[in-house]
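Thanks, everyone. I have one model to go through today. Please look at the screen.

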Amino acid sequence: MPKMSYAAPATIPEAIGLLANAAGLAKVMSGGTDLLVQFRSGRTRPELIVDTKKLPGITGIRVTDDGFVIGAATSGAEIGECAALVQAWPGVVEAANLIGSTQVQGRASLAGNLCNASPAADSVPAMIAARATCVVVGSKGRREVPVEDIVIGPGRTSLARDEFIIAFHLPRRPAHAADAYLRFIPRTEMDIAVVGAGVSVTLDAAGVCTDARVALGAVAPTAVLVPDAAAALIGHTLDEAALAKLDAAARAACKPIDDKRGTIAFRTKVAGVLARRAAAIAFERAGAR
Amino acid sequence: MSKHHVTTTVNGEPAEFLCEPHHSLLDALRDELKLTGSKEGCGSGDCGACSVIVDGRLVCSCLMLAVEADGHAIETIEGLAQGEVLHPLQRKFLEHAALQCGFCTPGLLVAAKALLDRNPDPTETEARYWLAGNLCRCTGYDKVIRAVLDAAAEMRGE
């Protein structure tokens with residue numbers, strides 16, 4: 001690996017100062033499972049790596065009156081072991097747990113998956129569907145930002161050079177609410193999404209959808225929130241007419257690339273299919289609680 | 001670019017080493033602590049040959065900086081056998097011929113130990129998914145899975 005320096009600050013102001021005052025490129029690291037691969041291959045050449053894992057509150061999951069606060073560097077393995085989170089947000093957890101191998105799950109984090117800014121990041125559509133927000137800190141203070149406003153293009157985020165995410169917030173769930181995430185890969189494990197779909201719904205006692213969010217991954221330069229797809233579900237039970245509208249809205253939101261893992265036509269069709277299937281799982285889970 | 005002094009525990013014993021900030025934990029284990037059981041296959045977290053357990057979590061030691069190990073407990077393949085007595089997983093790998101070239105074996109054994117530490121009675125499907133991040137180009141995996149399930153059964157006293 002090329003030369004760089006490493007710092008693991010113990011306080012947030014210290015971390016912000018290091019990022020703000022770095023002469024060259026400084027990279028924020030949580031689990032490091034993307035960053036260290038890019039560093040080793042020479043795709044990124046940071047002069048400084050700021051490891052966030054010693055900051056207070058950056059790991060661990062806290063249940064609050066408003067929902068859940070997930071530390072930005074909390075590992076996928078820890079997320080999967082949090083029974084309360086699995087119960088409330090099964091789609092977010094299944095998406096986070098799809099990232100990489102068991103080994104990668106031991107380190108990989110939500111903040112890293114988001115800020116690596118891959119269009120195919122699995123946890124991102126699920127978090128967008130869940131109305132997750134990020135707590136961002138920087139020299140100008142602290143702000144809360146919806147997840148969908150962080151990534152602005154492949155490998156690019158809206159964060160300033162001295163800003164980083166310290167936690168994610170997932171709202172509390174009403175009754176009859178659940179989410180689901182599905183991805184298509186040509187094998188069963190250890191691959192990158194060709195298409196991903198996250199759906200979150202709230203139903204009334206009769207099973208009619210009163211609130212929905214649908215987000216897609218790997219079909220555009222960033223994960224996309226698809227309001228028309230959500231609108232297709234709201235006011236309906238899980239009937240074929242609603243699903244057909246959802247399917248069409250999901251396909252209409254696709255602006256995918258053509259590559260070895262999927263053609264434009266294939267990704268577009270699969271986006272509609274996965275949106276339907278994820279909606280069916282979310283409805284079933286929501287109806288069961 | 002000064003060196004970092006890292007204090008850690010490796011296989012239950014206190015260990016310390018000096019490392020450059022860009023060194024991986026795998027580099028430090030092999031080159032500083034001379035624990036060459038952990039292998040570098042890909043260096044990008046895809047093959048699992050460098051698997052170690054850090055604070056009870058299975059990780060790729062190539063995807064962790066050596067300096068990040070400071071204050072943490074590391075288990076490597078060298079800690080699996082108790083002196084001359086092989087761990088049941090090691091014995092079963094031999095009995096089932098679950099290796100040919102052996103390059104992936106340390107990583108597979110460490111990953112399998114991490115599995116049995118948390119799930120003493122895995123199904124075949126659970127074992128296959130857990131070990132999906134450990135690539136083996138010789139065995140075709142069947143013998144590996146049989147060895148892991150057989151070791152698990154023996155460790156449960158069956």
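Start where the chains meet. This is a predicted model, and in it 22 residues of chain B are in contact with 22 residues of chain A. Which elements of chain B give two or more residues to that side? There are β4, residues 57–60, and α4, residues 124–130. Of the elements, β4(B) gives the most, with 4 residues. Now the make-up by class. The side of chain B that touches chain A has 13 nonpolar residues, 7 polar and 2 charged.

Next, a sheet in chain A. Four strands, please follow the order: β11-β12-β13-β14 of chain A. The sheet is open, and the pairing is antiparallel. A quick reminder: strands of a sheet pair through backbone hydrogen bonds, either parallel or antiparallel. Which strands sit at the edges? Those are β11(A), residues 177–184, and β14(A), residues 224–225. Each of these pairs on one side only.

Let's go inside the sheet. β12(A) covers residues 195–203, and β13(A) covers residues 209–217. These two strands pair in the antiparallel sense over 8 bridges. Want one pair to find on the screen? Take A:A197: its bridge partner in β13(A) is A:L216.

Now the helices on this sheet. Helix α5 of chain A, residues 90–97, packs on the sheet and touches β11 and β12 of chain A. The direction of α5(A) makes about 25° with that of β11(A). Then there is helix α11 of chain A, residues 264–287. Helix α11(A) lies across β11, β12 and β13 of chain A. Against β12(A), α11(A) runs at about 30°.

That's my tour. Over to you.

Definitions and conventions: Residues numbered from 1 in each chain as written. Chains lettered and ligands numbered in written order. Predicted model: local features only at pLDDT ≥ 70, side-chain atom pairs only at ≥ 80, totals over all residues. Contact = placed C-beta atoms within 7 Å. Nonpolar A, V, L, I, M, F, W, Y, C, P; charged D, E, K, R; others polar. Pairing = 2+ DSSP bridges. Axes fitted to C-alpha atoms, helices over the stretch in contact; angles between N-to-C directions.
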